[in-house]
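Here is a set of questions and answers for a reader who works from coordinates. Each answer reasons briefly and ends on the item asked for.

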Amino acid sequence: MKKIYLFAAMALTAVQMEAQDVSVDSYVGAQLATEDLNGTARYVGMGGAMDALGADISTIGSNPAGMGLFRRSQVSGSFGMVVQPEGKSFQDGSKTSASFDQLGVVFSTRTGMHSYFNFGFNFHKSRNFNHVLSAAAQAIDGSSQNRQTTIKGIRGDLDTRYGESQVDNLYDAMLTQKDGSMVTYDAADYLFNRAQTGYIGEYDLNLSGNINNRVYLGITVGLKDVHYHSYTEYSENLNSLSDNIVFVGMKDNHHITGHGFDIKAGVIVRPIEESPFRVGVTVHSPTFYKLTTRNTTSIHDQYDVVKEVHSDADFRMNTPWKFGLSLGHTVGNYLALGAGYEYADYGSIDMRRITGKGYDYDGYYYENSDRDVVMKDLTERTLRGVSTLKLGAEYKIDDNVSVRLGYNYVSPMYKTSGVRDQTLNSPATYMASTTDYTNWGDTHRITAGVGFTIEKFRLDLAYQFSARSGDFYPYMNGVSASYQPQDEQGHDVGAVQTLTNSCRAVNVKDNRHQLLCTLTYNF
C-alpha cells in the first residue's frame, strides 16, 4: 500500500460548503416528524386516551373537540423530569434532564342552556430530543467508514450533480494519494457516542364548543418551533499502521432550527342522548416546516485535525397526515374510560428543496420548492405507516382524590430492511455529515397518575415508563465495488478484485422514566 499523503496545509482549515438546492435524508426527517406522549399529568397518566373524554387542555393538540367539553375556565402549567437509565452522560447530553412541558389557558362561555363556546391557548413540548446513545463493535474483515468513501469513489458515486457528501469530502483529505488515486485504512473496531438535546415547542390556538351537549366541535391552529442539536463522536481503531496512524475519528456538531404550522380538526358525538358514551374523530394536516440545517464536521487522527467542513442551508419538510378515532365513557361521577387509535403514514414525509427565493415586482417575498424525488423514494422504502393505540382509566376515590392508569403503544416506524443509503444522487446525501442510522422498533408506554383537588386548585402527578429498542449501524451495510489493480505505470496487474464494506447491527435501547407535575386553577 502506497504511503498516504496527509495534506498538512488542510490541518485546522475550514471549508465552507454552500448549497441552495438541498434537503435532509429520511432518518433525520423522521426525528422531526414524530411526537412524544407529553402534556398535562392527567393526560399522560391516562396514556393520552382522552380524545373522546375531553375537558383536558392537552386534547387541544390531539382532538380539538375535547376542548368543547370545558364548563369552566382554567389555567394550568406542567413541568417534570426525564431519566434515561441505560444512557451514558456525554458532552451536553445527560441521563437526567428537567423539562418545562406545558402552559395553557382556556376560557369557557355559556351560549345556551346546554351549549358553550370555548377559546384556548396552550404551549406544550411535543418532542423532547434529549437522548444519549452509545454503540461499539468489532469491524468485519477490516471494514471502515473510510473504506465506504473509497468504494463510492470506485463506483463513481462521488462524481454526481451534487458532488461528494460532507463525510466523503473529509475522508478524501485522508485517503487521497499524491497520484490522485485512493486507498483506505482497515479498521479493527469502532466506538460511537452521540448526545442529542433540544425540543419542538408547539403553540396551539383553539376554538371549540358544543351543541346541546350532544355534538362537540373544535379546530386548532398550531405553530411549531424546532430546536435540535446533535453532537457525535465516531472513532475507529485501525489494523493498518501506515504512517503510524493508530485511529481515525470524526466529530459532528449539527443544529436544525426553524418553524412550521399545522391545522387540526375534531368532532365528538354522544350518539345516545341518555348515555355519556361518546365517539371522537380527528384529522391533522401535515406540519409544513421551513428549517435551517447547520453543522461543523471534522476528521482527525491521533496527531491533529486533518480537515474541517462547515455547512449552512435552508430546506422544507412536510410531515404526514394523521387520522384518529376515539371512544370515551363515564360511569356516574367516579369512573372514566378512554380508548383511542391514530394512524399516520411516515413513508409519505415530503423532503423539499428550496429552488428559488426573492422578491417579486410588488415587493413580496416568495420561495419556490421542489420535492427531492430521490429521497422521497428512499423514505417510502425506509419508513412505514404507524398505528398508535391509547388506553386509559381514571377512578375517583372521593371528590378530592383520583387515580389513573394508562397504556400507549406505537408500532414501528422503520422497516427492518431500512438503510440510510449514502450512494444516492440527492442533495440530502450531499449534506449528510454522519453515516450512522438506527432502525427503531415499537414503543411501549405504561403510565400512572394521581390527582388532588382542593377547592379551585388541582395538583396532578404522573409517571411514564417508555421502552423501545433498535438496530444501530455505523454506516450502510454491504456496499461493494470491483476494480482492476494497476502498477505504478498504470498497467493492469492480477485479477479483478472486489472491495466490500460490511457491518453488523448493534442492538441499542431507549428506555425512559418520566415524572410529571401539573398545577391547575379553575376560575
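**Strands, core and buried charges**

Three strands make up an open sheet, ordered β18-β21-β24, with antiparallel pairing. The model is a predicted one.

Q: Which are the edge strands of the open sheet, each pairing on one side only?
A: The sheet has the order β18-β21-β24. From one strand to the next, the twist averages 35°. A strand that pairs on one side only is an edge strand, and here these are β18 (437-440) and β24 (506-509).

Q: Which residue of β24 stands opposite G470?
A: Strand β21 covers residues 469-473 and runs antiparallel to β24. Four bridges join the two. The residue opposite G470 is V508.

Q: How many bridges join strand β8 to β10?
A: Strand β8 spans residues 247-269 and runs antiparallel to β10. H254 stands opposite N295 in β10. Strand β10 (residues 288-301) is mostly covered, with eleven of its 14 residues buried. The number of bridges between β8 and β10 is 14.

Q: How many residues lie between β10 and β11 in their hairpin?
A: β10 and strand β11 (residues 305-318) run antiparallel, joined by 13 bridges. S298 has a bridge partner in β11, namely E308. Between the two strands of the hairpin, the count of residues is three.

Q: How many residues of helix α1 are buried?
A: Helix α1 takes in residues 26-33 and is mostly covered. Its buried residues are S26, Y27, V28, G29, A30, Q31, L32 and A33. Out of eight residues, the number buried is eight.

Q: Which backbone nitrogen does a side-chain oxygen of D25 reach at the start of α1?
A: The contact sits at the start of the helix. The side-chain oxygen of D25 comes to within 3.1 Å of its partner. That partner is the backbone nitrogen of Y27.

Q: Which element gives the most to the largest nonpolar core?
A: This core holds 42 residues, and V226, I256, Y346 and F472 touch the most other members. The top contribution is five residues, from α1.

Q: Which residues are included in the second, separate core?
A: The second core is separate and has 13 residues. Those named include Y171, I245, V248 and V306.

Q: Which residues of β24 does F472 touch, among its contacts?
A: Residues up to four places away in sequence are left out of the list. F472 touches, among others, L133, Y190, F192 and Y437. Strand β24 covers 506-509. The F472 contacts that fall there are V506 and V508.

Q: How many disulfides does a search of the whole structure find?
A: C503 is buried, at a relative accessible area of 7%. C517 also counts as buried, at 16%. The number of disulfides found is zero.

Q: Why does K390 count as buried?
A: K390 is found in strand β16 (residues 385-396). Buried means under 20% relative accessible area. K390 is buried because its relative accessible area is 4%.

Q: Which side chain makes a polar contact of 3.2 Å with the side chain of K390?
A: Beyond four places in sequence, K390 is in contact with residues including Y43, G47, D51, E342 and Y407. One of these joins K390 through a side-chain polar contact of 3.2 Å. That residue is D51.

Q: Is R404 buried or exposed?
A: R404 lies in strand β17 (residues 401-410). Buried means under 20% relative accessible area. The value for R404 is 3%, so R404 is buried.

Q: Which side chain makes a polar contact of 3.0 Å with the side chain of R404?
A: R404 is in contact with residues including R42, E394, R458 and D460, leaving aside neighbours within four places in sequence. The R404 side chain makes a polar contact of 2.6 Å with the side chain of E394. The polar contact of 3.0 Å is with D460.

Q: How many Å separate the C-alpha atoms of R404 and L424?
A: The two residues are 20 residues apart along the chain. Their C-alpha separation is 49 Å.

Q: What is the phi of N213?
A: N213 is found in the loop between β6 and β7. N212 lies in that loop too, with a positive phi of about 55° although N212 is not a glycine. N213 is partly exposed, with a relative accessible area of 25%. N213 is not a glycine either, and its phi is positive, at about 60°.

How values were computed:
Residues numbered from 1 in each chain as written. Predicted model: local features only at pLDDT ≥ 70, side-chain atom pairs only at ≥ 80, totals over all residues. Heavy atoms only, no water. Buried < 20%, exposed > 50% of the residue type's maximum accessible area, 1.4 Å probe, protein only. Polar contact = N/O pair within 3.5 Å; in protein donor to acceptor, adjacent residues only side chain to side chain. Pairing = 2+ DSSP bridges. Axes fitted to C-alpha atoms, helices over the stretch in contact; angles between N-to-C directions. Core = buried A, V, L, I, M, F, W, Y, C linked by side-chain atoms within 4.5 Å. Contact = heavy atoms within 4.5 Å. Disulfide = S-S within 2.5 Å.
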